[in-house]
Amino acid sequence: MTTATLVRQTRPRPTGRVPDRSIYERRESEVRSYARAMPRQFSRAEDVWMYDNQGGRYLDFLAGCSTLNYGHNHPVLKKALVDYISADGITHGLDLHTDAKAEFLETFESLILKPRGLDYRAMFTGPTGTNAVEAAIKLARKVTGRELVIAFTNAFHGMTLGALACTGNAAKRSGAGVPLSHVSHEPYDGYYGGDVNTAALLEQRLSDSSSGLDEPAAILVETVQGEGGLNAASPEWLRAIAGIARRHGALLIVDDIQAGCGRTGKFFSFEGMGFTPDIVTMAKSLSGMGLPFALTLFSPELDQWSPGEHNGTFRGNNHAFVTATAALRHFWRNDTFEKDIRRKGDLLSRRLSAMAAEFGLSTRGRGMMRGINVGSGKVADTITLACFAAGLVIETSGAHDEIVKVLAPLTIDEAVFSAGLDILEESIRTVMTGSYSVAAE
Ligand SMILES: *Cc1c(COP(=O)(O)O)cnc(C)c1O
């Protein structure tokens with residue numbers, strides 16, 4: 001099949017009558033967001049494709065913001081879940097021991113922790129990423145007896161108060177309605193351009209007892225800032241931050257919720273960089289199938305919780321244990337998948353660099369977590385609209401939503417991936433040359 005055919009096939013083909021969407025306006029809160037940019041009603045999804053109820057087909061370069069690294073409804077994961085449900089496996093069991101939990105923990109230990117020389121305890125928090133972050137910072141404060149958390153400019157860590165305090169974006173922060181305190185936002189790698197070493201600045205401030213910066217309980221960092229513009233920290237900078245945390249008695253928390261589970265090429269985004277976080281948060285693609293599932297990992301000596309001290313009704317989602325175990329066994333039993341991601345990440349890098357060169361733009365990111373800075377949120381939004389009209393689901397990132405970000409499923413076929421990138425390239429071209437008009441839709 002030629003690329004051109006693939007591209008044509010990705011175009012939505014509305015056939016039926018325009019469905020009545022008034023129920024959303026009547027009953028769903030104004031808080032809805034993605035649905036506004038993609039005003040279709042989706043019916044099903046398979047692999048990298050989503051289908052609306054009018055026969056439209058879309059290639060998914062959003063992948064649930066990196067929640068669907070293995071694509072939609074992967075057959076191996078789906079079968080594991082259907083078999084489990086059919087056998088009346090436990091669905092909800094608070095934090096009781098279950099077969100599904102034991103299998104997940106054993107598989108995580110043997111396929112993820114042991115081969116990487118990592119020794120972590122697993123804490124199943126409430127089911128979303130922000131729950132894992134809340135648990136991480138609460139534990140760091142408890143263990144160190146300190147209050148301050150150092151987070152970074154452009155960080156995104158979630159929407160509940162503790163995690164929101166660690167998030168940089170003013171619009172998101174302002175929703176809190178109360179002061180967001182006990183967090184200092186320090187400049188991320190490259191914040192002042194390539195010539196300023198922001199890790200050295202942080203070290204200087206923490207070493208100066210008159211700088212006004214208190215000794216922190218934790219330094220919380222994303223290795224690649226998923227929502228904050230796909231800024232990728234260098235391994236040197238991250239190692240320096242790890243060293244600063246150690247020297248100043250702070251715990252290093254890596255928020256791997258978006259960058260983990262293979263997105264940057266390895267299971268953990270910090271692998272091979274020469275440091276080991278004290279605490280790691282995971283969610284998004286951990287269940288592998290889009291089921292809510294979050295995990296906070298920490299060194300055994302930090303496990304100072306008393307029973308039930310941090311509680312929750314939905315701690316450990318048994319269906320997610322099943323699909324997560326299936327995903328680990330299917331994708332992470334050897335390095336084939338990692339090699340595959342590296343190849344696709346290189347392809348993505350080459351394609352985005354070529355687009356950037358053509359239009360005088362710049363690229364961001366690492367592995368299969370990359371984007372292109374198109375200069376403004378307005379331009380980026382128009383590009384994503386053009387993409388959607390051509391059958392490609394894609395979103396933006398960054399302080400002003402100025403980065404068009406590619407988060408394709410890691411399992412995507414390379415020819416299909418190229419076809420999707422053709423749509424992106426063509427959309428950027430039509431928008432940058434001023435030949436795209438929204439009215440044309
Ligand atoms: C998405 C995300 C979160 C929050 O996860 P939710 O499931 O939306 O609560 C936290 N940190 C990072 C890096 C994320 O990308």
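Good morning. I begin with Asp 401, which sits in the loop that runs from strand S14 (395–397) to strand S15 (403–406). Although Asp 401 is not a glycine, its phi is positive, at about 55°. Its relative accessible area is 38%, so Asp 401 is partly exposed. Please keep in mind throughout that this is a predicted model.

A second residue belongs beside it. Leu 94 is not a glycine either, and has a positive phi of about 50°. Leu 94 is found in the loop between helix H5 (75–86) and helix H6 (99–113). With a relative accessible area of 46%, Leu 94 is partly exposed.

Let me now turn to confidence. The protein chain has a mean pLDDT of 95, and 95% of its residues reach 70 or more. Which elements of the protein chain have the lowest and the highest mean pLDDT? The lowest value, 52, belongs to helix H1 (residues 3–10), and the highest, 99, belongs to strand S8 (residues 251–255).

Next, the division into domains. Domain 1 covers 3–66 together with 336–432, and domain 2 covers 75–331. Domain 1 is thus assigned in two segments of the chain. The centres of the two domains, taken over C-alpha atoms, are 26 Å apart. How many residues of each domain are in contact with the other? The contact involves 25 residues of domain 1 and 27 residues of domain 2.

I come to the charged side chains. Side chains of opposite charge can pair when their charged atoms come close. In this model, the count of salt bridges comes to 25, and I shall present three of them.

The first example is the pair Glu 30 and Arg 36, whose side chains meet in a salt bridge at 3.2 Å, N to O. Are these two partners buried or exposed? Glu 30 has 56% relative accessibility and therefore counts as exposed, while Arg 36, at 42%, counts as partly exposed.

The second example is Glu 236 with Arg 239, where the closest N and O atoms of the salt bridge are 3.9 Å apart. The cut-off for a salt bridge is 4 Å, so this pair is within it. Where do the two residues lie in relation to each other? They are three residues apart in helix H11 (residues 235–247), and therefore about one helical turn separates them. Arg 239 is partly exposed, its relative accessible area being 35%.

The third example is Asp 340 with Lys 344, a salt bridge in which the closest N and O atoms are 3.1 Å apart. Both residues lie in helix H13 (residues 336–359), with a spacing of four residues, about one turn of the helix. Lys 344 has a relative accessible area of 3%, so it is buried. There is also a network: Arg 351, Glu 358, Asp 422, Glu 425, Glu 426 and Arg 429 are joined by salt bridges that share partners.

Finally, I turn to a nonpolar feature. Which residues form a nonpolar patch on the surface? The patch consists of Tyr 191, Tyr 192, Val 196 and Leu 201, which together have about 360 Å² of accessible area. Tyr 191 lies in the loop between strand S6 (183–186) and helix H10 (198–207). The relative accessible area of Tyr 191 is 43%, so this residue is partly exposed. Membership of a patch requires over 30% relative accessible area, and Tyr 191 is above that cut-off.

Thank you for your attention.

Key:
Residues are numbered from 1 along each chain as its sequence is written. This is a predicted model: local features need pLDDT of at least 70, side-chain atom pairs count only at pLDDT 80 or more; totals for chains, interfaces and linings use all residues. Side-chain values use heavy atoms; hydrogens and water are left out. Patches are made of residues with over 30% relative accessible area and no salt bridge: like charges are joined within 9 Å, nonpolar side chains (Val, Leu, Ile, Met, Phe, Trp, Tyr) within 5 Å. Accessible areas come from the Shrake-Rupley method with a 1.4 Å probe; for residues, only the protein chains shown count as cover. Buried means under 20% relative accessible area, exposed over 50%, partly exposed in between (1.4 Å probe, protein chains only). pLDDT is the predictor's confidence in each residue, from 0 to 100. Domain bounds come from an automatic or database domain assignment. Contact means heavy atoms within 4.5 Å.
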